Amino acid sequence: MTATAAAPAERPVQHPSPRWWQRPWILPLALFSVTFLLYALPPYLGLDPAEARLPVPEGLAWYYPLLVTHIFGGALLTLLVILQVWPWLRSRHPAVHRWSGRVYVLAGIPLVGVPALLIAPFSGSGTSTQVSSVVWAVLWLSFTVIGYRMARRRRFALHREWMLRSFALVYGIAFNRVIIPVLMLAELPRLESVHGGDLHALGTAIAPASGFLSWVLPLLFVEWWLKYRRPRGRRPRVAAAA
Ligand code: HEM
């Protein structure tokens, strides 16, 4: 993302460009993202509501087109996040970083965030999941807008922080596919005693927890990283400014 305002502000943080093996997480992140997309997208490629993994509510003609828009837009965002956090690309090709950042924000809001907010209240997984998804969508929209505004104001350290929070929420959906089997396995010993031997009932019981943890845990991870793990040179100079 870029800045046009002439406000006195920080310079974009310049770091020596690390080799890819000094950032060994970028390859696993890319593999995880592509594997998730290969699993998540196929049921929606035929544009047939009957193939959807979610129950499509009856009588809402707009729901399925919006869901599909959200999913294809979400696939784009997932790939753009990899470009945005790849240190080598950021330092060697800053123009690619700026342009893909603009697409992330300006396409992500209408294609992913707003549709998510509109479909969230109609989740078939119950009120708790609906509330969790609405909060998730509102936070993603808010973090993304704040991050974009920080870049426009040339507050680059804060821009990085808010965009990392936004990226964490994008990964909520992929992380959901990790958390569901973990919760299923944890609950399996109580399949007979609590869920009457019904796997579907067990799945329904863990849905609110999995929906909530999917986006809260990646967000907590980013908060921990920003506070305790980030290289010193990349911390915003809040104390100094104060
Ligand atoms: C950026 C934050 C995101 C929010 C707030 C969000 C929100 C939602 C909501 C509310 C639903 C409906 C859930 C239900 O009815 O129970 C949904 C479904 C879905 N979303 Fe997202 N989403 C986000 C990002 C993404 C991304 C990046 C992708 C990547 C492709 C994606 C792919 C999907 C898919 C595939 C479904 C249908 C569920 C399924 O097939 O399992 N979402 N999302």
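Which helix gives the largest share of the shell around the ligand? In this predicted model, that share comes from helix 3, which supplies six residues. The shell as a whole consists of 24 residues, and the closest to the ligand are Arg53, Gly74, Ala116, Ser123 and Ser133. Helix 3 is joined by helix 5, helix 6, helix 7 and helix 8 as the elements that give two or more residues to this shell. When the shell is divided by class, 15 of its residues are nonpolar, eight are polar and one is charged.

The protein that holds this ligand shell is built from eleven helices and has zero strands, so that its pattern along the sequence reads α-α-α-α-α-α-α-α-α-α-α. Of its 242 residues, 24% are buried. Among the contacts between residues at least 6 apart in sequence, 71% join residues that are at least 24 apart.

The largest nonpolar core contains 29 residues, and those that touch the most other members are Phe167, Ala168, Leu169, Val170 and Tyr171. At least two residues of this core come from each of helix 3 (63–85), helix 5 (94–119), helix 6 (127–152), helix 7 (156–170), helix 8 (172–187) and helix 10 (199–229). For Phe167 in particular, leaving aside residues up to four places away in sequence, the residues touched are Val81, Gln84 and Val85.

Helix 10, one of the contributors to the core, has a kink of about 40 degrees at Ile206, shortly before the proline Pro208. The buried residues of helix 10 are Ser210, Gly211, Leu213, Ser214, Trp215 and Leu219, and the elements that cover them include helix 6, helix 7 and helix 8. Helix 6, helix 7 and helix 8 are also among the elements that give two or more residues to the shell around the ligand.

The confidence of the prediction varies along the chain. The average pLDDT is 89, and 85% of the residues score at least 70. Confidence is highest in helix 2 (residues 42–45), with a mean of 98, and lowest in helix 11 (residues 238–241), with a mean of 46. Over residues 1–6 the pLDDT is below 50, and this stretch has 16 contacts in the model beyond near neighbours in sequence. Over residues 238–242 the pLDDT is likewise below 50, but here the model shows zero contacts beyond near neighbours in sequence. Where pLDDT is low, the predicted coordinates should not be read in detail.

Key
Residues are numbered from 1 along each chain as its sequence is written. This is a predicted model: local features need pLDDT of at least 70, side-chain atom pairs count only at pLDDT 80 or more; totals for chains, interfaces and linings use all residues. A nonpolar core is a set of buried Ala, Val, Leu, Ile, Met, Phe, Trp, Tyr and Cys residues joined through C-beta atoms within 7 Å. A residue is buried if 20 or more other C-beta atoms lie within 10 Å of its own, exposed if 12 or fewer, and partly exposed in between; C-beta atoms are placed from the backbone. Helices (H or I, at least four residues) and strands (E, at least two) are DSSP runs, numbered from the N terminus. Two residues are in contact if their C-beta atoms, placed from the backbone, lie within 7 Å. A residue is near a molecule or strand if its C-beta atom, placed from the backbone, lies within 6 Å of it. Ala, Val, Leu, Ile, Met, Phe, Trp, Tyr, Cys and Pro count as nonpolar, Asp, Glu, Lys and Arg as charged, and the others, Gly among them, as polar. The bend at a residue is the angle between axes fitted to the seven residues ending there and the seven starting there. pLDDT is the predictor's confidence in each residue, from 0 to 100.
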